[in-house]
Each structure stands twice: as C-alpha cells, then as structure tokens.
Amino acid sequence: MVQENKLLPKRIILMRHGESAGNIDAAAYSTTPDHKIPLTEEGRVQAREAGKKMRELISSACGGERWRVFFYVSPYERTRTTLREVGRGFSRRRVIGVREECRIREQDFGNFQVEERMRVVKETRERFGRFYFRFPEGESAADVYDRVSSFLESLWRDVDMNRLHVDPSTELNLVIVTHGLTSRVFMMKWFKWTVQQFEHLNNFGNCEFRVLELGSGGEYSLAIHHSEEEMSEWGMSEDMIRDQKWRVDGSRGKFNDFCPWHLDEYFDCSGVTDEDEEDEN
C-alpha cells in the first residue's frame with residue numbers, strides 16, 4: 001500500500017437503522033415526529049445480529065488484534081437505538097468513540113405526515129424524479145447531498161488531523177449508522193455517481209450495511225466485500241460494477257483514465273482525429 005494511505009480508514013461501513021414503527025405502519029408519522037419514531041422489537045434484534053456480523057467481518061478481514069472502530073450516528077431515535085444494539089457486538093476497548101452527527105439525519109419530509117397526502121406526494125416524486133423532488137416543507141435528495149458533502153469534508157478533517165487518535169499500526173474502521181436515502185447519497189458523492197445512476201439505486205434493507213474498503217492502490221471499493229450479484233441487485237449498472245472492481249487495486253492517478261461515464265456522456269470524439277484538429281487551427 002502506498003505510504004500516504006497509512007492513516008486512512010481501512011473500512012467505511014454504511015448502515016441503515018433497524019426496522020422502525022414507521023416501516024411497519026406509515027400512519028405513525030401522522031402522530032409521532034419523524035425523529036422520535038422508535039425501533040420495533042424486531043428492529044432491535046436485527047441491530048444486535050448486525051453488530052455481531054459486523055464485528056466478525058472486521059475481525060476476520062484484519063486477521064489480527066490491531067483494529068478499532070469509530071462510530072458516526074444520526075440523531076434520530078431509531079438510529080441511536082440501532083447503534084446501542086450494534087454496540088453489544090463490540091468490546092469497549094475496540095471503540096475509539098461515537099459522534100452524533102446531524103448532517104447524516106433522514107431526509108426531511110415535512111412535519112407531521114398525513115398518510116393519504118404523503119401517498120399522493122410520493123407518487124408525484126416518482127414522476128418528477130427522486131433526486132430533485134422536494135417534499136412540501138421538506139427536502140429533496142439534492143438537499144441531502146449538500147449536507148452529506150459537508151459531513152464528508154469534516155470526516156476527512158478528522159482523519160487528516162488524526163482527531164480520532166489512531167495508532168498508525170492499527171486498522172481504523174469508520175461505521176456510519178444512518179438512513180436509507182442518506183446512505184445512497186453518501187455513495188453517490190463518494191464514487192462520483194451521476195444523478196441518473198442514483199435514480200436506479202435501490203434502498204438498503206433494515207440493518208443492511210455496505211463496506212467500502214481501501215484497496216491496494218489507494219481507492220475505496222465495494223467489490224472487496226460484495227459480489228457482482230449483490231451490486232447488481234442494488235441497482236448498480238455494469239459500468240458502475242466494473243468501476244468498483246477496478247478500484248480494488250486501481251491507482252488514484254488513473255481514475256480519470258478509467259471512469260467512463262463523465263467523459264463519454266458529453267464527448268463523442270469517435271469521428272475526430274488529431275489531423276482534423278490541426279486543420280481547424
């Protein structure tokens with residue numbers, strides 16, 4: 001691994017909260033503020049199982065004892081409870097710390113949500129497009145993208161300044177306990193996916209988590225821990241999956257040479273030669 005990556009997180013794990021009362025009955029949002037929606041008992045069980053699975057994944061991938069975890073968590077009740085249950089899978093000495101982070105909260109759908117009205121609004125969203133549609137009195141996914149971008153800047157400052165106090169010989173794992181759309185927007189920002197690519201992504205399941213691991217060339221990839229079949233089920237295109245596989249050992253400096261969708265989308269130079277350009281000059 002290149003020297004400059006020594007203190008970078010080995011893994012960044014994105015996790016959606018467990019099953020909530022709102023997942024079972026949308027009418028809950030009409031009487032309970034979104035940020036106070038609790039987990040169901042099944043959601044607690046899911047979170048405990050996910051915590052064990054996550055610890056096993058980190059421990060086995062590390063192949064040793066020198067690894068630790070730092071958690072970021074949305075301030076909503078369902079994410080905070082999810083983290084408490086996930087935490088049962090980790091001994092205290094493994095946890096560097098926890099930071100409650102407002103910028104990774106759920107998309108704001110407005111205040112109390114009248115069920116029938118929200119059904120109509122969500123049907124309109126499907127026609128308008130998920131990324132740009134702004135809920136009345138709420139946010140669009142584009143708004144969430146802006147605050148997730150700000151969060152990422154803070155996360156990298158934490159890493160760059162070693163605010164997490166990480167021993168360079170220890171593998172650092174960052175776990176972000178958040179919401180479905182926020183997780184998808186995070187990956188969109190991280191991997192520079194387009195709006196069109198975002199629109200095809202499927203939501204995370206309750207307590208589902210996705211692992212971005214640092215590859216040997218300095219890029220993070222989903223393909224180290226996740227199969228092609230999984231990524232396809234998530235709504236990722238062949239180009240997106242090919243990019244993830246390249247990132248396993250691809251070099252940062254070669255990203256623009258490999259990543260096809262930004263250049264090919266706008267420049268079709270198949271009929272233009274260097275000689276043509278010289279003639280124009």
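Let me start with a pair of side chains, those of E101 and R103, which meet in a salt bridge with a distance of 2.8 Å from N to O. What we are looking at here is a predicted model, and I will keep to what can be computed from it. Of the two partners, E101 counts as buried, because its relative accessibility is 9% and the cut-off for burial is under 20%, whereas R103, with a relative accessible area of 21%, is partly exposed.

That pair is one of 25 salt bridges that a search of the whole structure finds. Another of them joins D143 to R134, where the closest N and O atoms are 2.8 Å apart, and R134 is partly exposed at 49% relative accessibility. There is also a network, in which salt bridges that share partners connect E41, R44, R48, E85 and R88. Within that group, the side chains of E85 and R44 come together at 3.2 Å, N to O, and this pair links distant parts of the chain, since E85 belongs to helix α3 and R44 to helix α2, 41 residues apart. E85 is buried, with a relative accessible area of 4%, while R44 is partly exposed at 31%.

E85 brings me to its helix. How many of the residues of α3 are buried? The helix runs over residues 77-86, and seven of its 10 residues are buried, which leaves it mostly covered. Alongside E85, the buried residues are R78, T79, T81, T82, L83 and V86. As for what covers them, the buried residues of α3 pack against helix α2, at 41-62, and against four strands, namely β1 at 11-16, β2 at 67-73, β3 at 95-100 and β4 at 171-178.

Helix α6 makes a useful companion to α3. It is largely enclosed by the rest of the structure, because 11 of its 12 residues are buried; among them are the aromatic side chains of F186, W190 and F191, together with R184 and the two neighbouring methionines, M187 and M188. Its length can be checked as well: at 1.5 Å a residue, the 12 residues from 180 to 191 should span 16 Å, and the end C-alpha atoms are 17 Å apart, which agrees. Directly after α6 comes K192, whose phi is positive, near 60°.

Let me turn to the empty space. Rolling a probe the size of a water molecule over the atoms shows where such space is left. The largest pocket holds about 580 Å³, and of the 23 residues that line it, Y29, E106, F109, K122 and R125 are the closest to its centre. The elements that give two or more residues to this lining are α1 at 21-24, α4 at 115-128 and α6, and α4 gives the most, with five residues. What is the character of that lining, in terms of nonpolar, polar and charged residues? It divides into five nonpolar, eight polar and 10 charged residues.

Besides the pocket there is one cavity of 30 Å³ or more, and its volume is about 50 Å³. The residues that line this cavity are L7, D158, V159, N162, R163, L164, V166 and L172, and they divide into five nonpolar, one polar and two charged.

Note on methods: Residues are numbered from 1 along each chain as its sequence is written. This is a predicted model: local features need pLDDT of at least 70, side-chain atom pairs count only at pLDDT 80 or more; totals for chains, interfaces and linings use all residues. Side-chain values use heavy atoms; hydrogens and water are left out. The expected span of a helix is 1.5 Å times one less than its number of residues. Buried means under 20% relative accessible area, exposed over 50%, partly exposed in between (1.4 Å probe, protein chains only). On a 1 Å grid over the protein atoms alone, a cavity is a set of points where a 1.4 Å probe fits but cannot get out, and a pocket is an open set with protein on both sides within 12 Å along at least five of seven lines; lining residues have an atom within 4 Å of a point. Grid points are joined across faces, edges and corners, and a volume is the space filled by probe spheres set on the points. Ala, Val, Leu, Ile, Met, Phe, Trp, Tyr, Cys and Pro count as nonpolar, Asp, Glu, Lys and Arg as charged, and the others, Gly among them, as polar. Contact means heavy atoms within 4.5 Å. A salt bridge is a side-chain nitrogen of Lys or Arg within 4 Å of a carboxyl oxygen of Asp or Glu.
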